[in-house]
Amino acid sequence: MDLFQYDFMLRALVGALVIGLAAPALGIYLVQRRLALIGDGIGHVALTGVGAGLLLNRSPVLVAVIAATLGAIAIELVRARGRTSGDLALALLFYGGIAGGVLLVGLSNASNASLNAYLFGSLTTTSPGDLITILVLGTAVLVAMLALRPALFAVCHDEEYARVSGLPVRALNLLLAVTTAVTVTIAMRAVGVLLISALMVVPVATAQQATRGFRSTMTAAMALGLFAAGAGIWVAATADTAPGASVVLLAIGSFLVVALVAAGWRALRQRARPAGAPVVEPHEHEVVLR
Amino acid sequence: MNTPLVIQVEHAAVGYDGRPVLRDVSLAVAAGEVVAVLGANGTGKSTLIRAVLGLVPLSAGSVALFGTPQRRFRQWHRIGYVPQRLGAGGGVPATVAEVVASGRLARRGLLRPPGRADREAVAAALRAVGLADRAGDPVATLSGGQQQRTLIARALAGRPELLVLDEPTAGVDAASQAAFAGALRGFVDGGGTVLLVAHELGPLRPLISRAVVVHEGGIAHDGPVPEPAGHHADPDHEHVHPHCDEEPAGLWSM
């Protein structure tokens, strides 16, 4: 544990733990909405913000938050308008984002190593200022996702019903888009823009192998995210591996373990109790008007 | 007439992509009525109730709910909506009680955490549809009929004055249809108003006070429930003719 005597290591760990909690708390709504890959796309857009920040000598994280937020709002507007053309519009935004990022970072004379740090995370780049940004924004994301859980659950579960309930559906959707952008950008330091999406999605996928309800899935996913982030940073510090990759591989490892255990448990239970007759719904006779 | 009509549709028209689905439809529902919207598939009966709820925009005409123009209507807790089926979502599990608890949002608002009144209303709604013992089960493990009962429980949990149901009994097993009819009878006996779309009335038939038949985008009949004609009147008749002949492709896929 000597490694964490270094301040930069401690900052990386605390930052990763906050993100490990906040990312799955947001990700569960994205998974439920079938938008599991949206974080990845917004990460691409955030990279353009990083490039612009480096080029203009402004804080890359701050410019990335702005770029990613604008991108997320654009994506949400496309999604809400229609579904068929949205696919291509998203592709344009994603590829444009990463191409713009690589181009701008190159123009800014920053080294390849610094581009790598933004893409895949780094233990040494979290400055004290970054840590404060991560703490404040991460807490805000977490509080919003927990306090608005019934409303966000309703919107993601059945958007039309939510509208008939009088919920501000558009505002809630925009809130999800903006918090996704914020989460992606604050996670950029430790995990990297290309891998942050995994931390939103994989713990949720792991948790739902074993849970029965939404609330329990959310709690379990947050615990798994916390574990993967903490353990991943520790592995990265001890074995000198890339932090983002270590965090994500640990999250995927937990997924495999939980999936295997859950499958084994189901098989055992089925053997103990013979399966009942399949439920058949008789087709009732109908009254048709002529 | 001192109390305003619960639903008032005047000369409403709706079109999808420029193709008219409803034209010049007028409909009034007073408090305490149980109105069934009948008609073959593809005639626009689901569109009619979606327009009443503001889920599809009108191209002409007007809708008023409880005497307020629908655009300015904000008292959504007075309305319980039961859609055709539960969306599958992205596969995140949700328990029956969690889905039904969504029905309290219109009454509780965005930020207030659920309290004892909310939990009691959820439990009462689950009892009304006979699913109290399944409250903690994932909805995905329920049969189609039980999922449909979950949706009516969600609507009832908000203690609405008007229930709007879209094909509540389509593809639902007999036990669930009976439980469904029982829950609806309890709601009507308590003074509730109902607007429902149906292709078949089944055990709901004795509850219906008025029938509206939609045909080719207009209202062809507004009055007592029509008697089944011809061989359809025979309760044992085999129902073999196809339903979907006139249904325009893609109309219901949105």
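The following exercises, each with a worked solution, concern a predicted model of chains A and B.

Residues are numbered from 1 along each chain as its sequence is written, while chains are lettered from A and ligands numbered from 1 in the order in which they are written. In this predicted model, local features need pLDDT of at least 70 and side-chain atom pairs count only at pLDDT 80 or more, whereas totals for chains, interfaces and linings use all residues.

**Exercise 1. Composition of the two chains**

Determine the secondary structure, burial and contact range of chain A and of chain B.

Step 1. Helices (H or I, at least four residues) and strands (E, at least two) are DSSP runs, numbered from the N terminus. Chain A has 12 helices and zero strands; chain B has six helices and 10 strands.

Step 2. A residue is buried if 20 or more other C-beta atoms lie within 10 Å of its own, exposed if 12 or fewer, and partly exposed in between, with C-beta atoms placed from the backbone. Of the 290 residues in chain A, 50% are buried; for the 254 residues of chain B the share is 43%.

Step 3. Two residues are in contact if their C-beta atoms, placed from the backbone, lie within 7 Å. Taking contacts between residues at least 6 apart in sequence, 75% in chain A join residues at least 24 apart, and in chain B 70% do so.

Step 4. The C-alpha trace of chain A spans about 75 × 50 × 30 Å along its principal axes.

**Exercise 2. Confidence in chain A**

Identify which elements of chain A have the lowest and the highest mean pLDDT.

Step 1. pLDDT is the predictor's confidence in each residue, from 0 to 100. For chain A the mean is 85, and 91% of its residues reach 70 or more.

Step 2. Among the elements of chain A, the lowest mean pLDDT (80) belongs to helix 5 (residues 112-120), and the highest (94) to helix 11 (residues 214-239).

Step 3. The pLDDT falls below 50 over residues 276-290 of chain A, a stretch that has 28 contacts in the model beyond near neighbours in sequence.

**Exercise 3. A helix pair in chain A**

Describe how helix 6 (residues 128-147) and helix 9 (residues 169-187) of chain A cross.

Step 1. Axes are lines fitted to C-alpha atoms, for helices over the stretch in contact, and angles run from 0 to 180 degrees between N-to-C directions. The axes of helix 6 and helix 9 of chain A come within 10 Å and cross at roughly 150 degrees.

Step 2. Angles under 35 degrees count as roughly parallel, over 145 as roughly antiparallel, 65 to 115 as roughly perpendicular and the rest as oblique. Helix 6 and helix 9 of chain A are therefore roughly antiparallel to each other.

Step 3. A crossing is left-handed if the near helix is turned anticlockwise from the far one by less than a right angle, and right-handed if clockwise. The crossing of helix 6 and helix 9 of chain A is left-handed.

Step 4. Residues making the contact include A:Ile134, A:Leu137 and A:Val141 of helix 6 of chain A, and A:Leu175, A:Thr179 and A:Val182 of helix 9 of chain A.

**Exercise 4. A four-stranded sheet in chain B**

Establish the strand order, the pairing and the edges of the open sheet in chain B.

Step 1. Two strands pair if DSSP finds at least two bridges between them. The four strands of this open sheet in chain B have the order 2-1-4-5, with antiparallel pairing. Strand 2 (19-29) and strand 5 (68-69) of chain B are at the edges with a single partner strand each, so one side of each has no neighbour in the sheet.

Step 2. Strand 1 (residues 7-16) and strand 2 of chain B are joined by seven bridges. B:Tyr16 lies opposite B:Arg19, and B:Val9 opposite B:Leu27. Their hairpin has two residues between the strands, and B:Asp17 takes a positive phi near 55 degrees.

Step 3. Five bridges link strand 1 to strand 4 (residues 60-65) of chain B; the partner of B:Ile7 is B:Leu65, and that of B:Gln8 is B:Ala64.

Step 4. Strand 4 and strand 5 of chain B share two bridges, with B:Leu65 opposite B:Thr68. In the turn of their hairpin, B:Phe66 has a positive phi of about 50 degrees.
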